[in-house]
Amino acid sequence: MSYQLEGRLLEVCTCNTLCPCWVGEDPDGGTCTGVLGWHVDKGDVNGLDVSGRSLIILTFIPRNIRRGNWRVRVYVDDGATREQMDALLNVWTGKLGGPVADLAKLVGEVLAVEQAPISFEVKGMNGSLKVGTAIKADLTPFQGATGKPTALHDTIFTTIPGSPAYVGKATNYVAKAPGFDVDMHNHNAVSGSFRFQA
């Protein structure tokens, strides 16, 4: 196998709640600016251990999410070695195939790739994400009648293929980077777990 990765997703965007992109509809306002963050709890890429590493994309989506042409800035945590960074980029650019390759096809332009301090925390179902001085977000899931988090299954679009997505709100979402200027409250948030292999 090229890679086996298990971990968690935190995602926020400028869409209202709930995000229409996951069900194939156009983003609120016609475009979307989002942060998609994957943290690898355990796994390897071509035998190289990448456990504990995070990869985040800050992305502008100019229309319906499935039509692609995303413009992205990519961040890998600064604890990653050059070999680990290259391995993660090979997965998330689709070079190693598998479920992640379908996401990679949606990217039209990579504006920058850099390493930065990344804080990726999940406490219960709440999450927080911080990427250097560029990104900060805090996420809280919705709860159903039974007290369990509200989940989406079998959606037409997903950033964690094969896993349920827990929907909620980002109590705050700030993104300040070249080409990006977001400061919002109580907009869309998604969290979940992933298991990718190819």
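Colleague: Why is the pair Lys105 and Asp102 called a salt bridge?

Modeller: The closest N and O atoms of Lys105 and Asp102 are 3.6 Å apart. A salt bridge needs a side-chain nitrogen of Lys or Arg within 4 Å of a carboxyl oxygen of Asp or Glu, so 3.6 Å makes the cut. Bear in mind that this is a predicted model, where local features need pLDDT of at least 70, side-chain atom pairs count only at pLDDT 80 or more, and totals for chains, interfaces and linings use all residues. Residues are numbered from 1 along each chain as its sequence is written, and side-chain values use heavy atoms, with hydrogens and water left out.

Colleague: What makes Lys105 count as exposed?

Modeller: Its relative accessibility is 65%. The labels go by relative accessible area: buried is under 20%, exposed is over 50%, and partly exposed is in between (1.4 Å probe, protein chains only). So Lys105, at 65%, gets the exposed label.

Colleague: How many salt bridges turn up in the whole structure?

Modeller: The search finds nine. One of them joins Asp77 and Arg53, whose closest N and O atoms are 2.9 Å apart.

Colleague: Why do you say that Asp77 and Arg53 tie parts together?

Modeller: Asp77 sits in strand S5 (residues 70-77), while Arg53 is in the loop between strand S3 (48-49) and strand S4 (54-61), so the pair links parts that are 24 residues apart in sequence. Strands here are DSSP runs of E, at least two residues, and helices are runs of H or I, at least four, numbered from the N terminus. Asp77 is buried at 5%, and Arg53 is buried too, at 15%.

Colleague: Where do Asp86 and Arg82 lie?

Modeller: Both are in helix H1 (residues 82-92), four residues apart, about one turn of the helix. They form a salt bridge, with the closest N and O atoms 3.0 Å apart. Asp86 is partly exposed, with a relative accessible area of 30%, whereas Arg82 is exposed at 53%.

Colleague: How many disulfides does the whole structure have?

Modeller: Zero. Take Cys13: the nearest cysteine sulfur, that of Cys32, is 3.7 Å away. A disulfide is a pair of cysteine sulfur atoms within 2.5 Å, so Cys13 is in no disulfide. Cys19 is in no disulfide either, as the nearest cysteine sulfur, that of Cys21, is 3.7 Å away.

Colleague: What makes Cys13 buried?

Modeller: Its relative accessible area is 4%, so it falls under the buried limit. Cys19 counts as buried as well, at 9% relative accessibility.
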